[in-house]
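Here's a quick tour of one structure, taken a piece at a time. Have the viewer open and follow along.

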Amino acid sequence: MTKEDNTLNCYIKLFPKWIAYVVLVAGIAGAFIIPVTSVAFYIWIGLCGLFIAKTLTQKPQIEPVIVLAETGIQLKNEQFYPYNEIEKVMAFSVKRLRFRTINFKLYLKKGNQIEFNVDNLSIKPQHLLDVINEKIK
């Protein structure tokens with residue numbers, strides 16, 4: 001999150017590094033349980049190693065997913081929506097498989113509706129909602 005000229009940039013949150021250590025412990029425990037002669041042993045070790053490597057070498061994004069500027073909202077798809085064209089914003093929960101995600105829906109004065117996901121962002125959804133509602137008043 002950076003604040004420059006009252007601009008709020010939202011990036012995708014990275015996996016915490018401690019998860020790699022949990023996977024390492026689970027990988028070692030699984031290696032003792034699964035016989036070495038089994039193919040599952042090598043698959044298990046490979047998947048744990050891949051996850052650990054990906055988690056420890058992840059890099060933060062350069063481009064923000066959502067930008068809340070002084071004049072409007074810019075989404076990742078390069079669409080810009082000025083605050084004076086936004087009638088209201090609603091937050092709602094969507095169930096995907098067994099998990100719930102939080103989505104925002106912008107209701108534009110032209111009658112269009114723009115939906116975007118706000119899970120896994122560097123800024124909490126409630127703060128985003130408060131900032132957007134403050135700007136569209």
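## The pocket

Which residues line the largest pocket? In this predicted model, the lining is made up of Q61, E63, P64, V65, V67, Q74, L75, K76 and E78. Sorted by type, that lining splits into 4 nonpolar, 2 polar and 3 charged residues. As for how much room there is, the largest pocket has a volume of about 150 Å³.

## The β7–β8 hairpin

Next, jump to strands β7 (residues 99-108) and β8, which run antiparallel and are joined by 5 bridges. If you want one pairing to look for, L106 has I114 in β8 as its bridge partner. The hairpin leaves 4 residues between the strands, and G111 there takes a positive phi near 100 degrees.

Now look along β8 (residues 113-117), where the side chains alternate. I114 and F116 point to one face and are buried, while Q113, E115 and N117 point to the other face and are not buried. So I114 turns up twice: as the partner of L106, and as one of the buried side chains of β8.

## Helix α3

Last stop is helix α3, residues 125-136. How far apart should its ends be? With 12 residues at 1.5 Å a residue, α3 should span 16 Å, and its end C-alpha atoms are 17 Å apart, which agrees.

Which residues of α3 are buried? They are L128, L129, V131 and I132. Because these residues cover an arc of only 165 degrees around the axis, they sit on the same side of α3.

Conventions
Residues are numbered from 1 along each chain as its sequence is written. This is a predicted model: local features need pLDDT of at least 70, side-chain atom pairs count only at pLDDT 80 or more; totals for chains, interfaces and linings use all residues. Side-chain values use heavy atoms; hydrogens and water are left out. On a 1 Å grid over the protein atoms alone, a cavity is a set of points where a 1.4 Å probe fits but cannot get out, and a pocket is an open set with protein on both sides within 12 Å along at least five of seven lines; lining residues have an atom within 4 Å of a point. Grid points are joined across faces, edges and corners, and a volume is the space filled by probe spheres set on the points. Ala, Val, Leu, Ile, Met, Phe, Trp, Tyr, Cys and Pro count as nonpolar, Asp, Glu, Lys and Arg as charged, and the others, Gly among them, as polar. Buried means under 20% relative accessible area, exposed over 50%, partly exposed in between (1.4 Å probe, protein chains only). Helices (H or I, at least four residues) and strands (E, at least two) are DSSP runs, numbered from the N terminus. Two strands pair if DSSP finds at least two bridges between them. The expected span of a helix is 1.5 Å times one less than its number of residues. The arc is that of the directions from the helix axis to the C-beta atoms.
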